[in-house]
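This briefing sets out computed features of a protein chain for use alongside its sequence and coordinates. The topics are strand pairing, buried positions and internal space.

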Amino acid sequence: QGFGTGKINLGELEVVKITEFERVWSCSLLRGKAEGVTFYKPVGIPDGFFCLGYYCQPNDQPLRGYVLAARERVASSTGVYCDYDSDTDFPALRKPVNYSLIWSTDCGSGCGFFWLPNPPLGYKAMGILVTDTLDEPDVEEVRCVREDLTETCEIMDTILATDANTFQVWTTRPCKRGMFCKGVSVGTFFCCTYFISENQELEIACLKNLDLSLHAMPNLDQIHALIKHYGAMVFFHPKEDCMPSSVQWFFKNGALLYKDGKVNGEPIDYLGSNLPSGGTNDGAFWIDLPRDDNARKNVRNGNLESAELYVHVKPALGGTFTDIVMWIFCPFNGPANLKIGLMNIQMNKIGQHVGDWEHFTLRISNFTGELWQVYFSQHSGGEWVDAFNLEFIEGNKPIVYSSKHGHASFPHPGIYLQGSDKLGIGIRNDAARSNYFVDSSTRYQIVAAEYLGGVVTEPCWLQYMREWGPTIVYDSRSELDKIISLLPLFVRFSVENIFDLFPTELYGEEGPTGPKEKDN
């Protein structure tokens with residue numbers, strides 16, 4: 001059907017993904033990267049489609065980018081869109097009036113000239129053109145898009161910058177990117193010779209998907225096929241003692257629901273049907289481990305055999321990508337391992353809390369069905385990693401490394417520091433391969449896919465909006481005093497300095513909210 005067919009209808013426009021390029025000009029002015037960058041003209045554009053702008057990328061990565069080309073579609077008398085075949089006063093696509101020369105240089109590998117299309121009134125340029133001569137490009141080279149079919153975009157990653165920042169080049173993305181947002185990334189770049197802030201509106205725009213059906217999104221069978229093919233292998237640290245479990249195992253083995261003002265907690269039904277549904281995280285309810293010491297220890301350790309990934313499928317970038325968000329639950333987040341210079345100190349309480357929800361996201365191209373990126377959720381943030389920078393196992397399954405005790409996700413094994421890299425002070429996140437793993441391609445449950453309109457039944461526990469662990473504030477000073485006493489005098493920090501360097505969540509226990517309460 002619409003998914004993976006190579007073309008996507010956006011309403012009045014149909015777009016196709018172009019991945020074949022012709023080199024125009026290269027430059028090595030990028031600070032810190034001798035490899036430089038190259039600017040490309042898209043080629044192999046199908047008949048009837050038009051270029052919207054050129055593409056560029058650093059030379060130290062595979063040529064795997066894309067730009068969109070577009071053609072117009074018009075509504076027939078029945079209201080159904082068909083291929084555009086006649087002139088109107090305000091067509092969706094129009095030629096630029098002319099071009100403005102933004103910048104030019106000769107960096108030793110030939111001259112480069114950067115041109116901004118000047119759109120007709122009521123239209124927006126989608127990208128920049130690059131030439132190796134001073135001749136202004138032909139107006140037939142690109143098309144501008146009618147303003148009501150566009151959304152604002154913003155700069156993202158710096159691709160090129162001259163020594164004094166007199167000229168910079170960035171990738172772009174839509175300003176609004178939630179799952180209900182309509183902005184579509186064109187894949188072009190933006191450049192200028194003046195200072196620009198991250199949220200400043202640019203002289204180019206991105207497209208807008210006005211097709212409410214989101215026809216290019218995968219159906220339920222296609223979702224299962226994608227997860228079977230791309231489902232990540234999640235490896236836990238060989239010394240991990242706070243394993244994941246299924247939510248049902250957590251409930252069955254003694255998890256308790258507490259209500260503010262009541263001393264005793266009540267057992268939670270296997271399906272979570274007695275959990276309060278909806279509302280907000282108002283502190284009125286929370287979940288805790290069982291009170292019996294043996295049962296508490298058992299639940300705290302988790303149960304790898306029962307663990308599964310909880311999947312939320314949602315549109316991204318105006319329905320041109322599918323985000324398969326995979327949540328994993330751990331009954332307990334273990335205490336932190338602190339690093340201070342060459343010293344590593346395992347804490348007793350600092351960093352621990354009941355309940356831990358972590359996730360990673362597979363981003364799939366709806367044009368081709370290929371894995372494009374993976375998002376790795378980490379404490380206080382996370383990172384998108386392109387598919388060519390991932391590790392794979394058993395074909396096309398990416399590897400996710402879950403850090404010891406904290407369960408943050410990383411693309412490669414190693415030690416990741418959360419704190420001050422410069423001073424070498426912070427929380428250690430140790431990630432390594434082991435015999436402890438969960439294969440998300442087989443052990444998963446789809447819990448939400450709103451765009452399918454009720455096809456997926458959400459479990460009761462997903463509607464629980466309060467914390468999955470109690471809030472406990474404790475005095476960390478005694479543990480930090482021990483740390484300070486171990487330091488040589490000439491590098492000794494005050495307690496206050498230590499407090500400033502570590503994340504605030506270290507100084508108490510606070511259970512996390514569930515997947516529906518997360519910004520990601």
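In this predicted model, tryptophan 115 stands opposite leucine 129 in strand 13. That pair belongs to the junction of strand 11 with strand 13 (residues 129-131), where 3 bridges join the two strands in an antiparallel arrangement. The protein chain as a whole has 5 helices and 39 strands. Of its 520 residues, 54% count as buried. Among contacts between residues at least 6 apart in sequence, 65% join residues at least 24 apart.

**The sheet of strands 10, 11 and 13**

- Three strands make up an open sheet in the order 10-11-13, and their pairing is antiparallel.
- Strand 10 and strand 13 stand at the edges with a single partner strand each, so one side of each has no neighbour in the sheet.
- From one strand to the next, the twist averages 25°.
- Strand 10 (residues 98-106) runs antiparallel to strand 11, and 8 bridges join the two.
- Within this pairing, serine 100 stands opposite leucine 116 in strand 11, and serine 104 has phenylalanine 113 of strand 11 as its bridge partner.
- Strand 11 (residues 111-118) is mostly covered, with 6 of its 8 residues buried.

**The six-stranded sheet and helix 1**

- A further open sheet contains 6 strands in the order 30-29-28-25-24-37, with mixed pairing.
- Its edges are strand 30 (381-386) and strand 37 (444-448); each has a single partner strand, so one side of each is left without a neighbour in the sheet.
- The twist in this sheet averages 25° from one strand to the next.
- Strand 25 (residues 321-333) and strand 28 run antiparallel and are joined by 12 bridges.
- Across that junction, phenylalanine 329 stands opposite tryptophan 357 in strand 28.
- Helix 1 (residues 220-230) packs on the sheet and touches strand 24 (309-316), strand 25, strand 28, strand 29 (371-378) and strand 37.
- The direction of helix 1 makes about 140° with that of strand 37.

**Cysteine 153**

- Cysteine 153 is located in strand 15 (residues 150-161).
- Its relative accessibility is 1%, which is why cysteine 153 counts as buried, the cut-off for that class being under 20%.
- Leaving aside neighbours within four places in sequence, cysteine 153 is in contact with Thr172, Arg173, Pro174, Cys175, Gln200, Glu201, Leu202, Ile204, Ala205 and Cys206.
- For cysteine 153 and threonine 172, the C-alpha to C-alpha distance is 6.4 Å, while the separation in sequence is 19 residues.

**Serine 245**

- Serine 245 sits in the loop between strand 20 (233-236) and helix 2 (247-252).
- Serine 245 counts as buried because its relative accessibility is 0%.
- Not counting residues up to four places away in sequence, serine 245 touches Phe250, Gly302, Asn303, Ser306, Ala307, Phe329 and Pro331.
- One of these contacts, Phe329, is the residue that stands opposite tryptophan 357 in strand 28.
- Serine 245 and arginine 300 are 55 residues apart in sequence, and their C-alpha atoms are 9.9 Å apart in space.

**Internal cavity**

- Rolling a probe the size of a water molecule over the atoms shows where empty space is left.
- The count of cavities of 30 Å³ or more comes to 1.
- The largest cavity holds about 50 Å³ of space.
- Its lining consists of Val234, Leu309, Ile328, Glu358, His359, Phe360, Val400, Ser402, His407 and Ser409.
- Strand 28 (353-365) and strand 32 (397-402) are the elements that give two or more residues to this lining.
- Strand 28 gives the most, with 3 residues.
- By class, the lining of the largest cavity has 5 nonpolar, 4 polar and 1 charged residues.

Note on methods:
Residues numbered from 1 in each chain as written. Predicted model: local features only at pLDDT ≥ 70, side-chain atom pairs only at ≥ 80, totals over all residues. Heavy atoms only, no water. 1 Å grid on protein atoms, 1.4 Å probe; cavity = no way out; pocket = protein on both sides within 12 Å on 5 of 7 lines; lining within 4 Å. Points joined across faces, edges and corners; volume = space filled by probe spheres on them. Helix = DSSP H or I, 4+ residues; strand = E, 2+ residues; numbered from the N terminus. Nonpolar A, V, L, I, M, F, W, Y, C, P; charged D, E, K, R; others polar. Buried < 20%, exposed > 50% of the residue type's maximum accessible area, 1.4 Å probe, protein only. Contact = heavy atoms within 4.5 Å. Pairing = 2+ DSSP bridges. Axes fitted to C-alpha atoms, helices over the stretch in contact; angles between N-to-C directions.
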